[in-house]
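This report describes a protein chain from its overall build down to a handful of residues. The sequence and the structure come first.

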Amino acid sequence: MEERILEFIKRRFPEESNWMNGNCFYFAQILASRFAGDVVYDPIEGHFLFWASDDNFYDWSGRRIYDDLQKRKMFLWRDSVIKDGLLYNRIYCDYVK
């Protein structure tokens, strides 16, 4: 599956388009709608990623590798409003709106 995801990113989103500056949420949503997986938020980097499975995280730059500590801090975006509504609202206003 990793090859399909990386090929999709390379073919549909050329290097001239930058989805890293304020568009990471939308890019993660695109990947989540195209492939089976979830959108996660990394509070350390303040960054949204597509999580395909286990240790496979993706954004516009391709596959991202994280250490265990940082992975433990990440959370599923769909669960964030339930776990911490204030944090959800802050992130939503900063990134999504």
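The text below takes up the whole chain, then selected residues and their surroundings.

**Model and confidence**

The model is predicted. The protein chain has an average pLDDT of 85, and 92% of its residues score at least 70. Confidence varies by element: the lowest mean, 80, belongs to helix α5 (residues 85-96), and the highest, 93, to strand β1 (residues 38-42).

**Overall build**

Five helices and five strands make up the secondary structure of the protein chain. Read from the N terminus, the order of the elements is α-α-β-β-β-β-α-β-α-α. The radius of gyration is 13 Å, close to the 13 Å that the globule rule gives for 97 residues, so the protein chain is as compact as a globular protein of that length. Along the principal axes, the C-alpha atoms fill a box of roughly 40 × 30 × 20 Å.

Of the 97 residues in the protein chain, 39% are buried. Among contacts with a separation of 6 or more, 49% join residues that are 24 or more positions apart. The exposed area of the protein chain is about 6,100 Å², and carbon and sulfur atoms supply 49% of that area. The protein chain carries 14 positive and 16 negative charges, and the mean positions of the two sets are 4 Å apart.

**Selected residues**

The table lists location and relative accessible area for residues discussed below.

| Residue | Location | Relative accessible area |
|---|---|---|
| Ile 9 | helix α1 (residues 2-12) | 5%, buried |
| Ser 33 | helix α2 (residues 24-34) | 66%, exposed |
| Asp 55 | loop between β2 (47-53) and β3 (56-59) | 41%, partly exposed |
| Asp 59 | strand β3 | 3%, buried |
| Lys 71 | helix α3 (residues 68-73) | 19%, buried |
| Ser 80 | helix α4 (residues 77-83) | 4%, buried |

**Ile 9 and Asp 59**

Ile 9 is part of helix α1. Its relative accessible area is 5%, and Ile 9 therefore counts as buried, the cut-off being under 20%. Beyond its neighbours within four places in sequence, Ile 9 is in contact with Phe 27, Leu 31, Asp 59, Trp 60 and Gly 62. For one of these partners, Leu 31, the C-alpha to C-alpha distance from Ile 9 is 8.6 Å, with the two positions 22 residues apart in sequence numbering.

Asp 59, another of the partners of Ile 9, belongs to strand β3. Asp 59 is buried at a relative accessible area of 3%. Its C-alpha atom is separated by 13 Å from that of Phe 35, which is 24 residues apart from Asp 59 along the chain.

**Asp 55 and Lys 71**

Asp 55 sits in the loop between β2 and β3. At a relative accessible area of 41%, Asp 55 is partly exposed. Not counting residues up to four places away in sequence, Asp 55 touches Arg 63, Arg 64 and Lys 71. The C-alpha atoms of Asp 55 and Arg 4 are separated by 16 Å, and the two residues are 51 apart along the chain.

Lys 71 lies in helix α3. Is Lys 71 buried or exposed? Lys 71 has a relative accessible area of 19% and is classed as buried because the limit for that class is under 20%. With residues up to four places away in sequence set aside, Lys 71 touches Asp 55, Phe 57 and Tyr 66.

**Two serines**

Ser 80 is found in helix α4 and is buried, with a relative accessible area of 4%. Apart from its neighbours within four places in sequence, Ser 80 is in contact with Phe 75, Gly 85 and Tyr 88.

Ser 33, in helix α2, has a relative accessibility of 66% and counts as exposed, since that class begins over 50%. Ser 33 and Phe 50 are 17 residues apart in sequence, and their C-alpha atoms are 10.0 Å apart in space.

Definitions and conventions: Residues numbered from 1 in each chain as written. Predicted model: local features only at pLDDT ≥ 70, side-chain atom pairs only at ≥ 80, totals over all residues. Heavy atoms only, no water. Helix = DSSP H or I, 4+ residues; strand = E, 2+ residues; numbered from the N terminus. Buried < 20%, exposed > 50% of the residue type's maximum accessible area, 1.4 Å probe, protein only. Contact = heavy atoms within 4.5 Å. pLDDT = per-residue confidence, 0-100. Rg over C-alpha atoms; globule rule 2.2 N^0.38 Å. Areas by Shrake-Rupley, 256 points an atom, 1.4 Å probe, with all protein chains shown as cover. Lys, Arg positive; Asp, Glu negative; His and termini not counted. Charge placed at Lys NZ, Arg CZ, Asp CG, Glu CD.
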